[in-house]
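Student: I should like a close look at one part of this model, namely its sheet. How are the strands arranged, and what packs against them?

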Amino acid sequence: MRRENDWVVRPARPKDLEEVFSLESYWLFAPHWSKAQLEEELKRTDSIFLIAEFSGSAIAYFIGRVFEGELQVLSLSVSPRHLRRGGAERLLTEAFLKARLKGCARVTLEVSERNLPALSLYQKWGFQIVGKRAKFYNDGSSAFLMDKLL
Ligand SMILES: CC(C)(COP(=O)(O)OP(=O)(O)OC[C@H]1O[C@@H](n2cnc3c(N)ncnc32)[C@H](O)[C@@H]1OP(=O)(O)O)[C@@H](O)C(=O)NCCC(=O)NCCS
């Protein structure tokens with residue numbers, strides 16, 4: 001059941017990285033960053049790195065970067081035990097709010113043509129497919145390039 005009030009979204013902290021790393025490793029379509037890359041991301045001033053807590057536990061994260069007036073979505077994952085409860089949407093809401101405050105007017109991302117849950121999420125949020133990179137992922141699938149005005 002979708003219970004929006006159970007979610008709290010906040011900036012990521014060093015103690016979250018173990019959980020973020022486990023989620024990154026779990027999902028086929030996550031970018032599979034190393035712990036060192038995640039630590040570096042926390043220090044970047046152009047990064048929007050958010051954690052969603054559900055009933056007090058960190059179970060989803062968002063990583064994006066602000067570059068020349070655009071927010072680039074780099075990674076977004078939700079714990080497999082907490083899917084379809086609005087966690088991804090809470091993270092997108094907060095990330096886009098922060099991006100607008102940093103002067104962004106557009107959001108861009110890449111998503112596998114085989115990642116139907118993510119495609120469905122981004123289409124629900126008004127993203128348009130604006131390009132394609134053939135055989136971009138390790139499983140041989142192509143990437144759709146998508147964007148949306150903020
Ligand atoms: C994609 C992902 C982030 C969605 O997270 P989530 O918290 O389950 O999504 P939400 O509950 O916020 O759902 C929002 C919308 O996304 C779409 N959606 C999410 N999961 C879906 C699924 N399995 N099938 C179809 N649509 C889905 C729906 O439109 C949904 O809205 P609705 O519930 O009103 O129908 C999650 O499945 C995930 O972590 N996947 C693995 C990592 C990944 O692929 N990340 C994206 C890389 S670009």
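Tutor: In this predicted model, strand β3, residues 57-67, pairs with β4 in the antiparallel sense over eight bridges. Strands here are DSSP runs of E with at least two residues, and helices are runs of H or I with at least four, each numbered from the N terminus; two strands pair if DSSP finds at least two bridges between them. Within this pair, Tyr61 stands opposite Ser77 of β4. Strands of a sheet pair through backbone hydrogen bonds, either parallel or antiparallel.

The wider sheet is open and has seven strands, in the order β1-β2-β3-β4-β5-β7-β6, with mixed pairing. At its edges stand β1 (7-11) and β6; each has a single partner strand, so one side of each is left without a neighbour in the sheet. From one strand to the next, the twist averages 25° (angles run from 0 to 180 degrees between N-to-C directions, along lines fitted to C-alpha atoms, for helices over the stretch in contact).

Two helices may now be added to the picture. Helix α1, residues 17-26, lies across β2 (47-54), β3 and β4, and runs at about 85° to β3. Helix α4 also packs on the sheet, where it touches β4, β5, β6 and β7 (contact means heavy atoms within 4.5 Å). The direction of α4 makes about 160° with that of β5. Strand β4 therefore pairs with β3, lies under the crossing of α1 and is touched by α4.

Residues are numbered from 1 along each chain as its sequence is written. Because the model is predicted, local features need pLDDT of at least 70 and side-chain atom pairs count only at pLDDT 80 or more, while totals for chains, interfaces and linings use all residues; side-chain values use heavy atoms, with hydrogens and water left out.
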